[in-house]
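The following exercises concern a single protein chain. Please work through each task before reading its solution.

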Amino acid sequence: MDTKTLSVVQLGLSFFFIFAAFNTQGFIEETAVSAASKTNSAVDKDSGYYSLSIIYAVNMAAMFLAPSIIGFIGPKWSMVFGSSLYCVFLAGFQYLRSWLIYLTSATLGFGASMLWTGQGNYLTLCSTKETVGRNSGILWAMNQTCLISGGIFLYAMFHSKTDKDVSEEEVHVLYLCFLAVCAAGVICLALLRQPKPVTTYKAHMDSKLPAYKVNEAYKGSESDISSTETGDRTHSESQVSVSEEVPVPCMESFVGTFKLLGTRNMMLLAPVFFFMGISMSFWTGIYSTCLSRTNQLAENPNTRVAFNAMALGVGQIFGGGAFGLLGHRTNIFGRTPIILLGAVTHLITYSLVFINLPGESPLRDTDETSVLKTPSNALAIVCGLMLGFADSCWNTQIYSILASMYKKNSAQAFALFRFFMAMAACASFFYSSKLYLHWQLLILVIGAVVSAISFIPVERYAQQLARSTP
């Protein structure tokens, strides 16, 4: 492996540790907090849902600041700082109080903006046009391996447990384990190599740009976006490389994020990002809560969640690994077929969830039957597998298209991506405690169809840009 590929693998390993902790706790957070509220009056039974909603609300607001901070301290240390706040959130569960859960959730929301935007920027700096599809697939597959390990951990902890409720003492032990694993991820990020990016700018073929003009040229990056998206390219332009990255001033980066938001392609991608946010909130928290609250399912409720986590992980790894290994074919046929595959898989899965689980399951423990009369454990696990696979279709292709189209301003592009995802996830976790399952699934179905349609013209433009760029 070359150095940059090794850096991508190490980045994937770091995220494996961090999200082995965070995603695993996400599967049980609402269930654990709801159980703790029965014996602890300082904890609201819906604090788990509200916690996740706060995380994404703060994350959404912080996304516009993230590119400026990353431009100042770099993607590596932004990720280290952001992941450290995940540890703060996990440590807060040693003292279960609703107000503390909400406070640390807000802290984590800010950290997530640094972590995810920094990841996108770092991935872009470690990739070329030829390797970006492969690298995004490798990174996503490694990241999602945490779901399998998390499922195995939950099964080991709960398979012999007869009581479905999780005691406060058990919450303390679980979250200490999560904290230790997350801390390992922070250390792994701190040991990352600093990437050696290439800064590009416009230069005339018949002249050399003096070194002292580099900053001025870099300031033209936003106008480059505009002219590129309108197809206004001239033959007198070339790319010049410099050996070290020139940071963009904070205010300029902040303003540049809003300018990028106003471009045609980014407005077309906004519905895609929004759908990915509500989809993510569904498979990371809402679906597992539905499984644990459906009393008609025969398995131990905590064991159901563990098997669902493993199924999600298998689906994510299969999709991410396949699209990473077949990244060279993606460059030939485009990303649209994979996006359409993900959309169709999602639509089939939502239909199966609708017929398998009762409508009350997101809201409370229920003995209600489903369309199938008796909900099926096997079908529930198959749906988890399909949710993981479909999500990998969307995520690998979005990472790929953003890294290839927005090479010079990837921090702003990934910040907007996470902004819309966070907005959608915040709304989804809030209404998930109010709406019956069938209404939530209807929102997801509409989102999948609109997003697939919206993605196609952006991919067509990206393919044209790739063919015209040497």
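A residue is called buried under 20% relative accessible area, exposed over 50%, and partly exposed in between, with a 1.4 Å probe and protein chains only. The model is predicted, so local features need pLDDT of at least 70 and side-chain atom pairs pLDDT 80 or more, whereas totals for chains, interfaces and linings use all residues. Residues are numbered from 1 along each chain as its sequence is written, and side-chain values use heavy atoms, without hydrogens and water.

**Exercise 1.** Determine whether T24 is buried or exposed, and describe its surroundings.

*Solution.* Begin with the location: T24 belongs to helix α1 (residues 3-36); helices are DSSP runs of H or I with at least four residues, numbered from the N terminus. Next, apply the cut-off: the relative accessible area of T24 is 2%, so T24 is buried. Then list the contacts (heavy atoms within 4.5 Å). Leaving aside residues up to four places away in sequence, T24 touches F19, C146, G150, F153, L154 and F178. Finally, a polar atom of the T24 side chain lies 2.5 Å from the backbone oxygen of A20.

**Exercise 2.** Explain why helix α15 is described as largely enclosed.

*Solution.* First, identify the helix: α15 covers residues 410-431 and has 22 residues. Then consider burial: 19 of these 22 residues are buried, so the rest of the structure largely encloses α15.

**Exercise 3.** Classify I446 by its accessibility.

*Solution.* I446 is located in helix α16 (residues 437-468). Its relative accessible area is 49%, and I446 is therefore partly exposed.

Technical notes
Helix = DSSP H or I, 4+ residues; strand = E, 2+ residues; numbered from the N terminus. Expected span 1.5 Å × (residues − 1). Polar contact = N/O pair within 3.5 Å; in protein donor to acceptor, adjacent residues only side chain to side chain.
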